[in-house]
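Please look at the sequence and the structure shown below. The report that comes after them is written for a reader who is new to protein structure.

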Amino acid sequence: MPRGFLSTTACVALVMSLGACGTTRFDAPRDRPRPQAALEPATPALPAGTVTSEPLAPPPGASAAPVEPPPPSVAAASSPALAPEPPPPAPAPVVATGRSSVVGSWNATDVSGSCRVSLSSAPALDLYKASTSGCANKDLAKVSAWDFRDGEVYLYQPGGTVTARLRQAGGSLDGALSKSGAQLSLAR
């Protein structure tokens, strides 16, 4: 491009930008009188009147005389003494279910013996941390994470392999090891 073209283009751009600074289009709005139109009501006025109330007529076949309850002394004398109602039965103990109810240390028992399993509330990606100690079963010894889904506790090995699935049964967790199908029970 010719050298003069760039300087001419730069000058034109500068002049246009300076010209925009002098416009009043960007100033604050000025106070202008607004035309006032005669306001007419949108709907005609409704007639004003007095509101009255009366009791409803009795249904057909009922007496028109108001019925008043008998005085308390007459009501108590005319009705037989009622035995007090027994208190409602105590509610059955509620067994806590859910993720928070299974957090903590458990004694795990399977066909190879027993060991300790700890389920933590500390997150591990989209699961929770778990650890084991003293487990003779090699799959159970590898447990590193757990989760609670659809009422079941899932124990996981590194890599996402499901080691066991357990359901709450009273105060314990009962289920099976995934690979062998052997029974597994966790108790506090």
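The following sections describe strands, aromatic rings, charged side chains and one serine residue.

## The barrel

The model is a predicted one. Strands of a sheet pair through backbone hydrogen bonds, and the pairing is either parallel or antiparallel. Here, eight strands close into a barrel, and their pairing is antiparallel. The order of the strands is S1-S2-S3-S4-S5-S6-S7-S8. From one strand to the next, the twist averages 30°.

Strand S1 (residues 104-110) is paired with strand S8 (residues 183-187) in the antiparallel sense, and three bridges join them. Within this region, Ala108 stands opposite Leu186 in S8.

## Aromatic pairs

A pair of aromatic rings is described by two values, the distance of the centres and the angle of the planes. Two aromatic pairs are found when the whole structure is searched. One of them is formed by Tyr128 and Trp146; this pair is tilted, with 5.5 Å centre to centre and 40° between the planes. Distant parts of the chain are linked by this pair, since Tyr128 lies in strand S3 (residues 127-133) and Trp146 in strand S4 (residues 145-149), 18 residues apart. Trp146 counts as buried because its relative accessibility is 0%, and buried means under 20%.

Tyr154 and Tyr156 also form an aromatic pair, which is stacked: the centres are 6.3 Å apart and the angle between the planes is 20°. The angle explains the label, because planes under 30 degrees apart count as stacked. Tyr154 is buried, with a relative accessible area of 9%. Tyr156 counts as buried at 7% relative accessibility.

## Charges over rings

Which residue has its charged end over the ring of Tyr154? It is Arg149, whose charged end sits 4.0 Å from the centre of that ring. Tyr154 is thus a member of the stacked pair with Tyr156 and also a partner of Arg149.

A further case involves Arg188 and Trp106: the charged end of Arg188 sits over the ring of Trp106, 4.0 Å from its centre.

## The surroundings of Ser172

Ser172 is found in strand S7, which covers residues 172-177. Is Ser172 buried or exposed? Ser172 is buried, because its relative accessible area is 16% and the limit for buried is under 20%.

If neighbours within four places in sequence are left aside, Ser172 is in contact with Trp106, Arg167, Leu186 and Ala187. Two of these residues have appeared above: Trp106 has the charged end of Arg188 over its ring, and Leu186 in S8 stands opposite Ala108.

Key:
Residues are numbered from 1 along each chain as its sequence is written. This is a predicted model: local features need pLDDT of at least 70, side-chain atom pairs count only at pLDDT 80 or more; totals for chains, interfaces and linings use all residues. Side-chain values use heavy atoms; hydrogens and water are left out. Rings of Phe, Tyr and Trp (its six-membered ring) pair if their centres lie within 6.5 Å; planes under 30 degrees apart count as stacked, over 60 as edge-to-face and the rest as tilted. Helices (H or I, at least four residues) and strands (E, at least two) are DSSP runs, numbered from the N terminus. Buried means under 20% relative accessible area, exposed over 50%, partly exposed in between (1.4 Å probe, protein chains only). A charge sits over a ring if NZ of Lys or CZ of Arg is within 6 Å of the ring centre and within 35 degrees of the ring normal. Contact means heavy atoms within 4.5 Å. Two strands pair if DSSP finds at least two bridges between them. Axes are lines fitted to C-alpha atoms, for helices over the stretch in contact, and angles run from 0 to 180 degrees between N-to-C directions.
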